[in-house]
Amino acid sequence: MLVKCFFYLLQLMHKIIKFALMTVENAYRELLDPLKNIYEAREASNIADWVFEKITGINRLNRISSKMTQLNKPEIDLLQASMHRLLQNEPVQYVLNEAWFYKMKFFVDNNVLIPRPETEELVAWVINDAGKMKADEQNGLNILEVGTGSGCIAIALKKEIPNAKITSLDISEPALKVAQQNALAHDAQIDFIQLDFLIETNWTLLPLTDIIVSNPPYIPAKEKSVMDKN
């Protein structure tokens, strides 16, 4: 019994000492090093920087100047939980529930696809076409988005073409909730509709529109086996 108690005390002391020594420098290192096993070094570093700043509020520059600062237990716990999810090949955007698109931050979870930088070109294309219209034509401009997901396209368009009326639809109720949350966060007035666009009889339920925009999933299922797990 005495030996068992002594062993337990040693374990407890080890945990206490480890916690006491968990500085910014070694906490960051404990986050970064395992990520290098599944990501290329530069990408692992970018992900570690993003996660570390989100949880601790310490960016890369400040991390260097405050490397001996001790983190508190909630921060350490969150870093370890995030690292565990990342090592399960969960995308960092889902781990942090955020993604950037058109210089705006969006809430994302696994109910929606992660906005891609390439999709900004689609938004810019629509904005460019709308810019060629007269002011009175823009006031009556109706835009329909099919498959809104996180709502990033519709919200970016509303910010750039504020006089346009935008309707966004999705078949997924959870996805629409995410889109509505993002529209509220960015103060964007958009009409969201839950509807299966592939059923042609549903089209009569939609408003007349001048522009239809959509960026549906475009990677074929047969390519899944050759994609990175993350």
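A residue counts as buried under 20% relative accessible area, as exposed over 50%, and as partly exposed in between. The views below show a predicted model, in which 10 salt bridges are counted.

**View 1. Salt bridge between D191 and K165**. The side chains of D191 and K165 come together with N and O at 2.4 Å. D191 belongs to strand β5 (residues 191–194) and K165 to strand β4 (residues 165–170), so the salt bridge ties together parts that are 26 residues apart in sequence. D191 has a relative accessible area of 31% and is therefore partly exposed. K165 is also partly exposed, because its relative accessible area is 40%, a value between the limits of 20% and 50%.

**View 2. Salt bridge between D33 and R29 in helix α2**. The closest N and O atoms of D33 and R29 are 3.3 Å apart. Both residues lie in helix α2 (residues 24–35), where a spacing of four residues amounts to about one turn of the helix. D33 has a relative accessible area of 36%, which means that D33 is partly exposed. R29 is partly exposed as well, with a relative accessibility of 40%.

**View 3. Salt-bridge network of D49, R60 and R63**. Within this network, D49 forms a salt bridge with R63, and their closest N and O atoms are separated by 3.1 Å. The pair connects distant parts of the chain, with D49 in helix α3 (residues 41–56) and R63 in helix α4 (residues 60–65), 14 residues apart. D49 is buried, because its relative accessible area is 10%. R63 has a relative accessible area of 12% and is therefore buried too. R60 is the remaining member of the network.

**View 4. Strand β3 and its parallel partners β4 and β6**. Strand β3 (residues 142–146) is mostly covered, with four of its five residues buried. β3 and β4 run parallel and are joined by five bridges. Strand β6 (residues 211–214) also pairs with β3 in the parallel sense, here over four bridges. I143 can be used to follow both pairings: in β4 the residue opposite I143 is I166, and in β6 the bridge partner of I143 is I211.

**View 5. The β-α-β unit of β3, α9 and β4**. Helix α9 (residues 152–160) forms a right-handed β-α-β unit with β3 and β4. The parallel strands of this unit, β3 and β4, are the ones held by five bridges.

**View 6. N202 in the loop between β5 and β6**. N202 is buried, because its relative accessibility is 17%, below the 20% limit. Residues up to four places away in sequence set aside, N202 touches L195 and D196.

**View 7. The largest pocket**. The space in the largest pocket is about 1500 Å³. Its lining comprises 46 residues, of which Y94, L113, I114, R116 and I219 are the closest to the pocket centre. Elements that each give two or more residues to the lining are α3, α6 (92–96), β3, α9 and β4. β3, α9 and β4 also form the right-handed unit of View 5, and α3 is the helix that holds D49 of View 3.

Notes: Residues are numbered from 1 along each chain as its sequence is written. This is a predicted model: local features need pLDDT of at least 70, side-chain atom pairs count only at pLDDT 80 or more; totals for chains, interfaces and linings use all residues. Side-chain values use heavy atoms; hydrogens and water are left out. A salt bridge is a side-chain nitrogen of Lys or Arg within 4 Å of a carboxyl oxygen of Asp or Glu. Buried means under 20% relative accessible area, exposed over 50%, partly exposed in between (1.4 Å probe, protein chains only). Two strands pair if DSSP finds at least two bridges between them. A crossover is right-handed if, with the strands pointing away from the viewer, the path from the first strand over the helix to the second runs clockwise. Contact means heavy atoms within 4.5 Å. On a 1 Å grid over the protein atoms alone, a cavity is a set of points where a 1.4 Å probe fits but cannot get out, and a pocket is an open set with protein on both sides within 12 Å along at least five of seven lines; lining residues have an atom within 4 Å of a point. Grid points are joined across faces, edges and corners, and a volume is the space filled by probe spheres set on the points.
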